[in-house]
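Let's walk through this one together, starting with a loop and working our way to the core. Keep the viewer open as you read.

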Amino acid sequence: MEKDIKLTIVHNDEEVVLEVPNDMGLNLMEFLNANDYEQIEGTCGGLALCATCHVRVLECSPSLDEQSDDEFAILETLPVIYDNSRLSCQIKLNKKLKDIKILIP
Ligand code: FES
């Protein structure tokens, strides 16, 4: 059984590819915080209340679930959002996820 998620992070015109274990019980915001991506503040601690964990999902396999109404409402508080904008705290790094490519705005 595959235990890693391929995570590609695009930031400042650089692309980093990481293998992330799928059994750590983390969400993507927590993982990015732990790996010194300071742009991802995660001020509300992952409660979907602050939008400081905003990322754009460029590719994902399998596809993420649709945004909840609550997630969309918080994203709408940002000055600019895109069709692929998501709260990284709502993306679970679990065994359902295989491959994801994100852009940190
Ligand atoms: S950490 Fe606050 S909305 Fe994601």
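Start in the loop between strand S1 (4-11) and strand S2 (14-21), which is where Asp-13 sits. This is a predicted model, so take the angles here as computed values. Phi of Asp-13 comes out near 65°, positive even though the residue isn't a glycine. Is Asp-13 buried or exposed? Asp-13 has 5 other C-beta atoms within 10 Å, and 12 or fewer counts as exposed, so Asp-13 is exposed.

Now hop along to the loop between helix H1 (28-34) and S3, the home of Asp-36. Here again phi is near 65°, a positive value in a residue other than glycine. Asp-36 counts as exposed because just 7 other C-beta atoms lie within 10 Å. As background, most residues other than glycine have a negative phi, and most peptide bonds are trans.

That brings us to the peptide bonds. Which two residues does a cis peptide bond join? Ser-61 and Pro-62 are the pair, with omega at about -15°. Pro-62 belongs to the loop between strand S3 (54-61) and helix H2 (69-75).

With those loops placed, zoom out to the whole fold. The protein chain has two helices and five strands, and they come along the sequence in the order β-β-α-β-α-β-β. Its C-alpha atoms fill a box of roughly 40 × 30 × 25 Å along the principal axes. How does the radius of gyration look for 105 residues? A compact globule with that many residues would have a value near 13 Å, and the protein chain has 13 Å, so the two agree.

Contacts tell you about the wiring. Take the ones between residues at least 6 apart in sequence: 65% of them join residues at least 24 apart. As for burial, 24% of the 105 residues are buried.

Finally, look inside. The largest nonpolar core has 18 residues, and Leu-28, Met-29, Leu-32, Cys-53 and Leu-87 are the ones that touch the most other members. S1, H1 and strand S5 (99-103) each give two or more residues to this core, with H1 giving the most, at four residues. Cys-53 is a good spot to click on: setting aside neighbours within four places in sequence, Cys-53 is in contact with Met-29, Ile-40, Gly-42, Leu-87, Ser-88 and Cys-89. Met-29 and Leu-87 turn up in that contact list, and both are also among the core residues that touch the most other members.

Key. Residues are numbered from 1 along each chain as its sequence is written. This is a predicted model: local features need pLDDT of at least 70, side-chain atom pairs count only at pLDDT 80 or more; totals for chains, interfaces and linings use all residues. The radius of gyration is taken over C-alpha atoms; the globule rule is 2.2 Å times the number of residues to the power 0.38. A residue is buried if 20 or more other C-beta atoms lie within 10 Å of its own, exposed if 12 or fewer, and partly exposed in between; C-beta atoms are placed from the backbone. Two residues are in contact if their C-beta atoms, placed from the backbone, lie within 7 Å. A nonpolar core is a set of buried Ala, Val, Leu, Ile, Met, Phe, Trp, Tyr and Cys residues joined through C-beta atoms within 7 Å.
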